[in-house]
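Good morning, colleagues. I would like to take you through one model, beginning with a single residue and then moving to the ligand and the fold.

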Amino acid sequence: MTASTSAAAAPVAELKRTLPLISVRNLAVAYDDQPVLNGVDLDVNPGDMVALLGASGSGKSTLMKSLTGFAPITAGTARVAGYDVTNLRRGDLRKLRSDVGQVFQQFNLIPRLSVLTNVLTGALPHAGPANLVGGFSSEHRCLAMHYLDRVGIAHKAKEPARALSGGQQQRVAIARALMQQPRVILADEPVASLDPKLADSVLELLRGIATEDGIPVLVSLHVLPLALAHSDRILGLRNGRLLLSAPTAELDAPALSVLYDGEGTSHDDH
Ligand code: ADP
Ligand code: MG
């Protein structure tokens with residue numbers, strides 16, 4: 001490589017590192033002509049922990065689903081992990097989904113399988129189902145143990161998933177998502193089934209993954225104080241529209257009350 005090409009490559013590499021991993025413009029989603037999201041713009045950058053806040057029914061899950069092609073986009077654009085979700089090429093939907101780690105409210109583990117095996121299933125989109133028959137490679141097992149260590153429960157590796165507490169099960173689900181070596185993580189109400197103390201620790205774990213591991217996290221929450229305590233930026237959804245998007249440091253509870261006005265200010269309704 002000549003000096004001039006390497007000099008040119010550096011800014012390109014830098015650009016790739018800093019480009020938004022999620023970039024949504026003027027997005028609309030409708031079910032059977034019934035609009036659910038309208039005019040949504042958002043960016044999630046490397047290192048970001050972005051909270052998507054809104055009352056129940058405001059469209060958080062639909063927005064999350066639209067980013068991996070699980071909800072019907074009717075207008076606008078969505079770029080996720082380098083893919084144009086509204087204009088995917090053949091075969092790219094599967095690739096997109098394997099590049100996006102997902103964490104859900106109900107953990108979605110296989111209860112009778114060991115914690116380690118549950119984490120290993122995160123490698124399936126890349127490694128293929130042959131692993132289910134032939135067993136996972138020692139490299140995969142090593143990596144799975146590494147991620148279990150990352151989420152603080154390596155000592156539970158051999159236990160069946162069902163034997164773990166809710167907070168521990170969500171850590172397994174996060175390790176499984178990491179096993180995909182995702183470019184971005186979407187977490188839809190990941191702490192709605194956990195008590196407040198566990199909720200704090202799971203959100204801090206996700207925030208550490210965003211800032212330390214460089215995998216940005218978009219996390220939906222309906223509990224206002226949790227969003228204020230555990231995010232860098234807050235996007236506020238109400239009735240399918242983004243009412244606000246601002247650094248968390250510039251927001252407080254009164255500023256966020258517009259998301260809930262007229263619906264009571266219950267911060268922990270489901
Ligand atoms: P949130 O996650 O913020 O509680 P949702 O995205 O689940 O909100 O729902 C937003 C709106 O979209 C609700 O009015 C809901 O009834 C509607 N909705 C969600 N999914 C579907 C679907 N598959 N078919 C029809 N309507 C849906
Ligand atoms: Mg939801």
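A residue counts as buried when its relative accessible area is under 20%, and as exposed when that value is over 50%. Please keep in mind throughout that this is a predicted model.

With that cut-off in hand, let us take S98. Its relative accessibility is 6%, which is under 20%, so S98 counts as buried. S98 belongs to helix α3, which runs over residues 92-99. The side chain of S98 also has a polar partner: the backbone oxygen of K95, at 2.9 Å.

I turn now to the ligand. Which residues are found around ligand 1? They are Y31, V36, A55, S56, G57, S58, G59, K60, S61 and T62. Sorted by class, this shell comprises three nonpolar, six polar and one charged residues. The element that gives the most to the shell is helix α2, residues 60-66, with three residues.

Three polar contacts deserve individual mention. A polar side-chain atom of T62 is placed 2.5 Å from an oxygen atom of ligand 1. For G57, a polar backbone atom is 2.7 Å from an oxygen atom of the ligand. For G59, a backbone N or O atom lies 3.0 Å from an oxygen atom of ligand 1. As for coverage, ligand 1 on its own has 550 Å² of accessible area, and the protein covers 56% of that.

Next, the chain as a whole. It contains eleven helices and ten strands. Of its 270 residues, 47% count as buried. The exposed area is about 12800 Å², with carbon and sulfur atoms supplying 53% of it. Among contacts with a separation of 6 or more, 71% are between residues 24 or more positions apart.

One helix merits closer attention, namely α8, residues 166-179. How does the span of this helix compare with what its 14 residues should give? At 1.5 Å a residue the expected value is 20 Å, and the end C-alpha atoms of α8 are 20 Å apart, so the two agree.

Helix α8 is also mostly covered, since twelve of its 14 residues are buried by the under-20% criterion. Those buried residues include G167, Q169, R171, I174, R176 and M179. What covers them includes strands β6 (100-104) and β7 (184-188), together with helices α4 (115-120), α7 (138-150) and α9 (196-211). Just after α8, Q181 adopts a positive phi of about 50°.

That brings me to two further backbone angles. A81 has a phi near 50°, a positive value in a residue other than glycine. N239 likewise has a positive phi, near 45°, and is also a residue other than glycine. A81 sits in the loop between β4 (73-80) and β5 (83-84), while N239 sits in the loop between β9 (233-238) and β10 (241-247).

Are these two loop residues buried or exposed? A81 has a relative accessible area of 4%, which is under 20%, and therefore A81 is buried. N239 has a relative accessible area of 60%, which is over 50%, and therefore N239 is exposed.

To close, I return to the opening residue: S98 in helix α3 is buried, and its side chain reaches the backbone oxygen of K95. Thank you for your attention.

Key:
Residues numbered from 1 in each chain as written. Chains lettered and ligands numbered in written order. Predicted model: local features only at pLDDT ≥ 70, side-chain atom pairs only at ≥ 80, totals over all residues. Heavy atoms only, no water. Helix = DSSP H or I, 4+ residues; strand = E, 2+ residues; numbered from the N terminus. Buried < 20%, exposed > 50% of the residue type's maximum accessible area, 1.4 Å probe, protein only. Polar contact = N/O pair within 3.5 Å; in protein donor to acceptor, adjacent residues only side chain to side chain. Near = heavy atom within 4 Å. Areas by Shrake-Rupley, 256 points an atom, 1.4 Å probe, with all protein chains shown as cover. Nonpolar A, V, L, I, M, F, W, Y, C, P; charged D, E, K, R; others polar. Contact = heavy atoms within 4.5 Å. Expected span 1.5 Å × (residues − 1).
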